[in-house]
Amino acid sequence: TNILVFGTSEDDEGGDHPGAFLTDSIMVLSIDQTKKDAYMVSIPRDLWVKYGQACNSGYEGKINEVFGCYSDDGKDSPAGAKALARIIGNVIGMDIQYQAHVNYTVVREAVDAVGGVTVKVESEDPRGILDRNFDWKCNYKCYYVKYSNGQVANMDGEHALAFMRARNAQGGYGLPGGNFDREKNQQKVLMALREKALSAGTLANPTKVTGLIGALGDNLRTNFETSEIRTIMALASDIPSSSIVQISLVDEKEPVMTTGSVGAQSIVQPVDGLYSYDGIAAYVKKAMISDPVVKEGASVAVLNGSGVPGAAQEAATKLEAMGFTIVNVGNAPDGNYERREVYQKDTTSMPLTRTKLTNLYGTPKTGLSQFGTSAGVDFVIIVGKAD
């Protein structure tokens, strides 16, 4: 079950403003009801996409404009939510069935309804986090968002919302990643909200939950049916915190998104290039598979040495269903191959994958250069002639 959660700011205390229906906060929550686990992935608001119709920026632009464009600036929220879910689903390779559209009021009142949340502040800056953009809330007589590194902070609804929005404004520090850091903190607050709702018994009380949803009114718009809310409550209670995984698309070790520019605009794009989403979808899929073999991330080429058209593709499809990353399907050089052969770049790397492929096809041999594969390939599987 995949749920799109996105936020707009039409209820900002500052009143009407031109960016009220930009979705500057976008997140997908994926829940496995059988395995009782869940995954959270934030979508950068500056991701450059094709809109599929003319919007304010033209036929392409930042993803945060999609909702406002398709909803006619909030007049048709379901249409905007459906379009945003479709485009995001294309980016991360998911069918997104549900949407939840929230605004500032939802965050403030949900946090206050459980008595506040507790969040651990983590920053690359040893000083912690400071954002001066919200000091007006205390008539500039305080630092409204200032936390020391490692501090376990108790936040009411207003402070939680400000923390989720903070990004080093007005000479602040501690959030060098800007919006990327803000996305991490948004996930932190949502996790803290869930924990507090569990400990306060809110999620075990349907009356409290439905009462809160009713009180939020038009500030919370979703396509969940009333009967489905109970299922979500049960899942939120049953899934342990250790089984909720936060996926980063800009992880330092394996980023699949990066910054770039289109004209004079600073944007976010796939590392594979504009509109090239296959790498993102593969990364998300791999992150959501618990199989440790898959998590090794071996790159596999499947080559046809049988002379039978489609034999390599058939084997590749089966391996992909197991979670393997297939980077090439083609023909093997001329030769007399056994029914199945496996070759590995070396015998020391990818030990779990080596064992798995040994069980499937036999012990791997070394040496990939003879097949003309790229440097990024770890294993080559040859589909040879049948006995």
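These are legends for six close-up views of a predicted model.

**View 1. The six-stranded open sheet, with helix α2 packed on it.**
Read across the sheet and the strands come in the order β11-β6-β1-β2-β3-β12, with mixed pairing. At the edges sit β11 (221–222) and β12, each of which pairs on one side only. Helix α2, residues 77–92, packs on this sheet and touches β1 (2–7), β2 (25–32), β3 (37–42), β6 and β11. The direction of α2 makes about 120° with that of β1. If you want to follow the β11 end in more detail, look at its partner β6, residues 98–102: the two strands pair in the antiparallel sense over 2 bridges. A handy landmark there is A100, which stands opposite T222 in β11.

**View 2. Helices α4 and α5, packed against each other.**
Here α4 (residues 157–165) meets α5 (residues 179–199) at an angle of about 150°, and the axes are 7 Å apart. Angles over 145 degrees count as roughly antiparallel, so α4 is roughly antiparallel to α5. On the α4 side, A160, F163, M164 and R165 make the contact, while α5 brings R182, N185, Q186 and V189. Sorted by class, the residues of this contact are 4 nonpolar, 2 polar and 2 charged.

**View 3. The second largest pocket, with α5 giving the most to its lining.**
This pocket has a volume of about 390 Å³. Its lining takes in 18 residues, and the ones nearest the centre are F180, K184, S248, V250 and D251. Which elements give two or more residues to the lining? They are α5 and β12 (244–247). The share from α5 is 6 residues. As for chemistry, the lining has 7 charged, 6 nonpolar and 5 polar residues. Helix α5 also appears in View 2, where it packs with α4, and β12 is one of the edge strands of the sheet in View 1.

**View 4. The β13–β14 hairpin.**
Strand β13 covers residues 257–262 and strand β14 covers residues 265–270; they run antiparallel and are joined by 6 bridges. Next to the turn, V262 stands opposite Q265 in β14. There are 2 residues between the strands, and G263 in the turn has a positive phi of about 65°.

**View 5. The five-stranded open sheet, with helix α11 lying across two of its strands.**
The strand order is β16-β15-β19-β17-β18, and the pairing is mixed. The edge strands are β16 (325–331) and β18 (365–366), each pairing on one side only. Over at the β16 edge, its partner is β15 (residues 299–304), and the two pair in the parallel sense over 6 bridges. To find your place along this pair, use A301, which stands opposite N328 in β16. Helix α11, residues 351–361, lies across β17 (340–344) and β19 (379–383). How does α11 run relative to β19? The angle between them is about 5°.

**View 6. The largest cavity.**
The count of cavities of 30 Å³ or more comes to 1, and the largest cavity holds about 30 Å³ of space. Its lining is made up of V293, V294, G297, A298, G323, F324, T325 and T353. Two of these residues tie in with View 5: T325 falls in β16 (325–331), and T353 falls in helix α11 (residues 351–361). By class, the lining splits into 4 nonpolar and 4 polar residues, with no charged ones.

How values were computed: Residues numbered from 1 in each chain as written. Predicted model: local features only at pLDDT ≥ 70, side-chain atom pairs only at ≥ 80, totals over all residues. Heavy atoms only, no water. Pairing = 2+ DSSP bridges. Helix = DSSP H or I, 4+ residues; strand = E, 2+ residues; numbered from the N terminus. Axes fitted to C-alpha atoms, helices over the stretch in contact; angles between N-to-C directions. Parallel < 35°, antiparallel > 145°, perpendicular 65-115°, else oblique. Contact = heavy atoms within 4.5 Å. Nonpolar A, V, L, I, M, F, W, Y, C, P; charged D, E, K, R; others polar. 1 Å grid on protein atoms, 1.4 Å probe; cavity = no way out; pocket = protein on both sides within 12 Å on 5 of 7 lines; lining within 4 Å. Points joined across faces, edges and corners; volume = space filled by probe spheres on them.
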